[in-house]
Each structure stands twice: as structure tokens, then as C-alpha cells.
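Student: I would like a close look at a single part of this model. Please start with one pairing and then work outward.

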Amino acid sequence: MKSHYTKTVSAVFLLFCLFITSGSSSSFIRQVTDDFNTNLQLEDGDGPDPIQGEAHYLPKHVQDGDEPDPVQGEEHYLHNHDQEISSRDYKVSASNAVVKGLRSRPPSSYSLKMESFNTLLKSKYSERYVSRPFSAAGYNWTLVVYPNGNKNDKGSGYLSLYAAIDNSTLAPHEEVYVDLRFYVFNKKEKKYFTIQDTDVWRYNIFKTMWGFSQVLPGYTFKSPYNGYLYDGDHCEFGVDVTIPTVFQTSELFTVANNFKTPTFTWRLLKFSTLLGDTYFSDVFSIGGRRWNIQVNPSGRDKGKGKALSMYLIVNPNEELRPYERIYVRAKLRVLNKFKFRNVERQIDNWFSHRETGRAYGWGSSEFVTLSDFRDSSKGFLVDDKLTVQVVIEAVSTTKYFPS
């Protein structure tokens, strides 16, 4: 009887253990399946927003410079870093074009000089150095240096530089677009190595730090022969923080052509009796501007006493700003009764206001020689009448805002 009772209890206990194990296994399998489905969703693009989902960089006590507890503090520090998202979100920058070079001018926003850089390189807890806050473009910033690179931004083995904004100076939904240029002094060249992006960086309360994870390779920066780390362990970094503003003034330049009536013809009667030095045609309008043809029967400048001079000029009453210029493409002609003998000069020039002392008229001081005019067989004078013409092919206009 006792043996039978013992066997019965053992069987019940075994069935109970199998039931518990089955429940745990089911739970475990369901958990693994749920995790697998979650991973699939993230891979399909349903993950957190790349900006809003970003964790802030360091625990507050580490940011403030307090050394973490050797055991608990370090564990917490590493845990936070495991949740960091890359500080450089390439989806924000449209160009991703990086410009590097050397320049003599020092940084304009902030300079950080260090005389014990090797200490940072060797320190177990000095993964990065954060400068004091400085003001630039109406906001507070800090310059952040990673001596051995920001490993969470693919910067391991490089020098990494960032500019972080004080998010307490930002409104809840405010976005600030910033131009950044970072500097590393090179004593050997006596210049600053600079690196910048061709696009602006977008700061907001979710994205407070931008910069470059791979400014210089670590071996390049640390080698004393390259000039970046000099006098033992001295170095200098800097940053320019600029907020570009949207333009308030602008202009719109256009060129019009294919005018309905592009030609103006002028006939000078009794040409041989013209004793004046300069004659002007009536005012005519083409391309939205008023013009005159100017003729000097006895020539001017190089053509004085030798040739007819002729020009297309902007009418003196045409309203032009002192800085305004008009592009004109046109043809000036002296017509001949034998059409194949017409004399033509091409105008492809800029016209300016007369009072500026610049070119307000274009043409030729030696258009046709006076000897050809006096020779009736040449065909320029018909019944002592000279016929000249202009064909305007293109005229520019410029609109200014505000006007």
C-alpha cells in the first residue's frame, strides 16, 4: 500500500512539473516570436523617427564633470552610450559634401587651447571634453572634443569635433539652421586645418549636437611631425557658428527678345548741308526702353574728319539707377541703294546711366569713310539723303526688391 501511494504521489508531481514547464516554454516561445516580429517591423522602416528618437548624450553627472563611481557609475555610463544614436544624421544634410582646407584666420566663435592633451588620450574616463558655454548667433553653445573619436558615430580612431546647443535657449518647436566650421591648429604650417559641410545643420530640442566624427585620423593628429600636437602635448581647436539669414533684398534679371517691331529707320535729309557736330534721331521705344540714334556727320574721336560716326544711345530721360546696367544685342546699319553694300556693326554690350560716366551708348567712330560718302557711285547718299537703321534683338530688364 505504501509503495502504491508513493508511486501515485510521484506521478502527480511529475505531471505538475510537466505542466509548469510547458507553460514556461510557451511563454518563452511567444516572447521570442514577439521580439522577432518587432525586429522585422524595425527593418521595414517602422522604427522611431531618426531625430525625435535620439537619446541625449551623457548622464547629467558625467556631463557636469563628476567622476562616475568606479563600478556602478561606469556601468550606468556604458548603458547610456549603448542607447545613443549617431550624432550625424545624414538624412538631414542634403549635400553631405565636406570641404577641408587650411586658412590663416583663427576661429571667430570660440577657441579651445589644451596643454595636457596626452592626459585625455590616456584617461579611462575622459572619452570627451566639453568646453564652457559660449554665446554665438543668439544662442549658447559648447565645443565638444573626442580625443580618440566618437565610437557611437563611426569615429573610432579619429579626432571628432562637435558643436552642441544649449537646448534651454530653444523654444519647444524651434529649429535653428546653422553653418559650422571647425578648426584644428597646425603649428608646422602656422595655419588652421578647417572642415565644414556645404549644407546647414538643423538643431532642435531633439537634436542638440552636430559635427564631424572623422575630422582627422588619430595617427595623423597625434604624430608630432604633422604639427597638430606640438610642444609635447599642446593643441588648439575652434569653431565658427553662423546662422545664415534669409535675404531681404534681391533682383530679377531677364532678357527679352523677339520684339514685335524691332527695327527703327532714320533718314537724314540734305546730308551735305549738315554743319553740326552731333545729330539725334527722334525717341523710339523697343524692349521697354527708350533710345536714340546719334550721328556725327564729320566723325568724332578716331573718326574725326575721316569718317561718319554712329551710336545707339539710351535716351537721357530713361530712368536708370546709378548701379543699373542694360544688356543689349543689336545691329547698327548705314543703308546703301545697293543692298549688298550695306554697312553693319554688331552691338553686344552693356549700357549704363549717362551720369555714371560709363558707357551709355555703343557704336563706331569710323562707321563709313567720308570719301565713300562723297563718291556718288558708292551708293550711300541718294538724293543727298542718308538712311541709317537699328535692329534691336535683345534687351535686358532688372527688377529690384524692394524697389
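How many bridges join β2 to strand β11, and do the two run parallel or antiparallel?

Tutor: Five bridges join β2 to β11, and the two strands run antiparallel. Keep in mind throughout that this is a predicted model. Strand β2 covers residues 110-114, and its partner β11 covers residues 235-242.

Look at the two faces of β2. Tyr110, Leu112 and Met114 make up the covered face. Ser111 and Lys113 make up the uncovered one. Lysine 113 also gives you a handle on the pairing: its bridge partner in β11 is glutamate 236. So a residue of the uncovered face is one you can follow across to β11 by a named bridge.

Now set this pair in the whole chain. The chain has six helices and 21 strands. It holds 403 residues, and buried ones make up 39% of them. Take the contacts with a sequence separation of 6 or more: 67% of these link residues 24 or more positions apart. The accessible surface comes to about 23,900 Å². Carbon and sulfur atoms own 53% of that surface.

Lysine 188 shows one such distant link. It sits in the loop between β7 (176-186) and β8 (191-197). Lysine 188 counts as exposed because its relative accessibility is 61%, and the cut-off for exposed is over 50%. Leaving aside residues up to four places away in sequence, lysine 188 touches Tyr225, Asn226 and Gly227. Its side chain reaches the backbone oxygen of tyrosine 225 at 3.3 Å. Leucine 229 is 41 residues from lysine 188 along the chain, yet their C-alpha atoms are separated by 9.7 Å.

Asn226 leads on to threonine 220. Threonine 220 touches Asn226 and Tyr228, again not counting residues up to four places away in sequence. Its place is helix α5, residues 218-222. Threonine 220 counts as buried because its relative accessibility is 19%, and buried means under 20%. Thus Asn226 is touched by exposed lysine 188 and by buried threonine 220.

Next, the surface. Phe253, Val255 and Trp350 form a nonpolar patch there. Together they have about 260 Å² of accessible area. Valine 255 belongs to strand β12, residues 250-257. At 40% relative accessibility, valine 255 counts as partly exposed.

Finish with the backbone. Alanine 137 has phi near 55 degrees, a positive value in a residue other than glycine. It lies in the loop between β4 (134-136) and β5 (139-146). At 42% relative accessibility, alanine 137 counts as partly exposed. Aspartate 384 is not a glycine either, and its phi is also positive, about 60 degrees. This aspartate is in the loop between α6 (370-374) and β21. Aspartate 384 is partly exposed, with a relative accessible area of 25%.

Past that loop comes β21, residues 386-401, and proline 402 is found in the segment after it. The peptide bond from phenylalanine 401 to proline 402 is cis. Its omega is near -10 degrees.

Notes:
Residues numbered from 1 in each chain as written. Predicted model: local features only at pLDDT ≥ 70, side-chain atom pairs only at ≥ 80, totals over all residues. Heavy atoms only, no water. Helix = DSSP H or I, 4+ residues; strand = E, 2+ residues; numbered from the N terminus. Buried < 20%, exposed > 50% of the residue type's maximum accessible area, 1.4 Å probe, protein only. Contact = heavy atoms within 4.5 Å. Patch = residues over 30% accessible without salt bridge, like charges linked within 9 Å, V, L, I, M, F, W, Y side chains within 5 Å. Areas by Shrake-Rupley, 256 points an atom, 1.4 Å probe, with all protein chains shown as cover. Salt bridge = Lys/Arg side-chain N within 4 Å of Asp/Glu carboxyl O. Polar contact = N/O pair within 3.5 Å; in protein donor to acceptor, adjacent residues only side chain to side chain. Pairing = 2+ DSSP bridges.
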